[in-house]
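Work through the exercises below with the model open. Try each task before reading its solution.

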Amino acid sequence: MSHLTKVQQWLAENDYDIAYVSDYKNIQYFTGFGSDPIERVLALFIFPDKDPFIFAPALEVEAVKEVGWKYPVYGYLDHENPFALIKDHILQTAGNPVKWAIEKGNLTVERYEAFKQQFPSADFTGNISPLIEHEKLYKTPADIELLKVAGKWADFAFEVGFNALAQDKTEQDIVAEIEYALKKKGILHMSFDTIVQSGANAADPHGAPKADKIRPNELCLFDLGTVYKGFVSDASRTVAFGQIDAKSKEIYDVCLEAQLTAQAAAKPGMTAAQLDKIARDVIDKAGYGQYFIHRLGHGMGQSDHEFPSIMEGNNMKLEPGMCFSIEPGIYIPGVAGVRIEDCVYVTDTGVEPFTHYPKDLITLPVK
């Protein structure tokens, strides 16, 4: 059963007339067409017993057809009212739908009000987001093969970044070299903004690379991911640029133990909360619990942050086909930050990582 067919079945079983998918990443999941429309309207409409259709900016219509979308695609010009046109297409396709299922976590108030104006008698209280989250939770064998390739390119990116470290370069310089090397290989997009942080800068878990020169004898954190045929990678490594002090080495060793312990323990049947606790207990026992300030992991697939969260309070059981990150971190303000991360997929007996770059502390020569 296809992803679209499952939605149609769900709509019929729950007596909905129409589903409106507004998140462009979810549109890609259902249709194979991926594009961020920015301020323009890109939408997928699914009906229980009619063919779905895509509504897109006119400049995207041919691209939709090229991916093999076999159902209607309608375009609009920038000066046209997209919501009035959508209404016409819906009325022609399925009459006047009353019960709508929308993505409550994505649809903006402004666009909701625009649809409400076109369909004043409609009920927009249905929420299709949980169904989409559940569908995207389980990756197919074909999905996993694409994720493996994306992981391979992340490993390549680490190699480039580590070789590029030098005292006369900034964090931003290293990012540029990584992304340029990937582009030369045909990998044109990162799954998120590449992070390179040296020394105390790495104590900011989601900080941006700075124009600061890489200093010797400090840790340097890399967090990066690539996009391959619509699927992503996400991984983190921390290396020593020169000889680091005992405190930095201790932080690294604790974080590594937490990551390796959790990755080795992960298996079907355990809960997300249990896995989070395994890593957190290692860091707590070493006295650094207050510096591990985020969840252990997040789902991933066509986006770098998907459902579920691997964290305290989430009693969802892990099952084969689920994909998520295992990324403990220790961040001591003014001192250093360490994060070590692999994204993994759940097998029948455990998990397998998508990235394979070594995680034992690498000490790079100062140059």
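Four exercises follow on this predicted model.

**Exercise 1. The sheet**

Task: Give the order of the strands in the open sheet, and find which strands stand at the edges.

Solution:
- Start with the order. Six strands run β4-β3-β2-β1-β5-β6 in an open sheet, and their pairing is mixed.
- Go to the ends. β4 (73-76) and β6 (123-127) each have a single partner strand, so one side of each has no neighbour in the sheet.
- Add the twist. From one strand to the next it averages 25°.
- Check one pairing. β2 (residues 43-46) and β3 (residues 53-57) are antiparallel, with three bridges. Leu-44 has Ile-54 in β3 as its bridge partner.

**Exercise 2. Helices on the sheet**

Task: Determine which strands helix α1 touches, and which strands helix α2 touches.

Solution:
- Take helix α1 (residues 3-13). This helix packs on the sheet and touches β1, β2, β5 (99-102) and β6. The direction of α1 makes about 55° with that of β2.
- Take helix α2 (residues 24-31). Its contacts on the sheet are β1, β2 and β3. The angle between the directions of α2 and β2 is about 50°.

**Exercise 3. Aromatic rings**

Task: Classify the ring pair of Tyr-20 and Phe-115, then place both residues in the chain.

Solution:
- Choose the descriptors. A pair of aromatic rings is described by the distance of the centres and the angle of the planes.
- Apply the distance. The centres of Tyr-20 and Phe-115 lie 4.6 Å apart, and pairing requires centres within 6.5 Å.
- Apply the angle. The planes of Tyr-20 and Phe-115 make 45°. Stacked means under 30 degrees and edge-to-face over 60, so the pair is tilted.
- Place the residues. Tyr-20 is in strand β1 (residues 18-21) and Phe-115 in helix α5 (residues 109-118), 95 residues apart. Both Tyr-20 and Phe-115 are buried.
- Widen the view. The whole structure has 23 aromatic pairs. Ring pairs link Tyr-20 and Phe-115 into a cluster with other rings, including Phe-45, Tyr-74, Trp-100 and Phe-124.
- Look for charges over rings. Lys-99 lies over the face of Tyr-16, 5.0 Å from the ring centre. The charged end of Arg-280 sits over the ring of Phe-292, at 3.9 Å from its centre.

**Exercise 4. Gln-118**

Task: Decide whether Gln-118 is buried or exposed, and list what Gln-118 touches.

Solution:
- Locate the residue. Gln-118 lies in helix α5.
- Test the accessibility. Buried means under 20%. Gln-118 has 14% relative accessibility, so Gln-118 counts as buried.
- List the contacts. Leaving out residues up to four places away in sequence, Gln-118 touches Asn-81, Phe-83, Ala-84 and Lys-87.

Key. Residues are numbered from 1 along each chain as its sequence is written. This is a predicted model: local features need pLDDT of at least 70, side-chain atom pairs count only at pLDDT 80 or more; totals for chains, interfaces and linings use all residues. Side-chain values use heavy atoms; hydrogens and water are left out. Rings of Phe, Tyr and Trp (its six-membered ring) pair if their centres lie within 6.5 Å; planes under 30 degrees apart count as stacked, over 60 as edge-to-face and the rest as tilted. Helices (H or I, at least four residues) and strands (E, at least two) are DSSP runs, numbered from the N terminus. Buried means under 20% relative accessible area, exposed over 50%, partly exposed in between (1.4 Å probe, protein chains only). A charge sits over a ring if NZ of Lys or CZ of Arg is within 6 Å of the ring centre and within 35 degrees of the ring normal. Two strands pair if DSSP finds at least two bridges between them. Axes are lines fitted to C-alpha atoms, for helices over the stretch in contact, and angles run from 0 to 180 degrees between N-to-C directions. Contact means heavy atoms within 4.5 Å.
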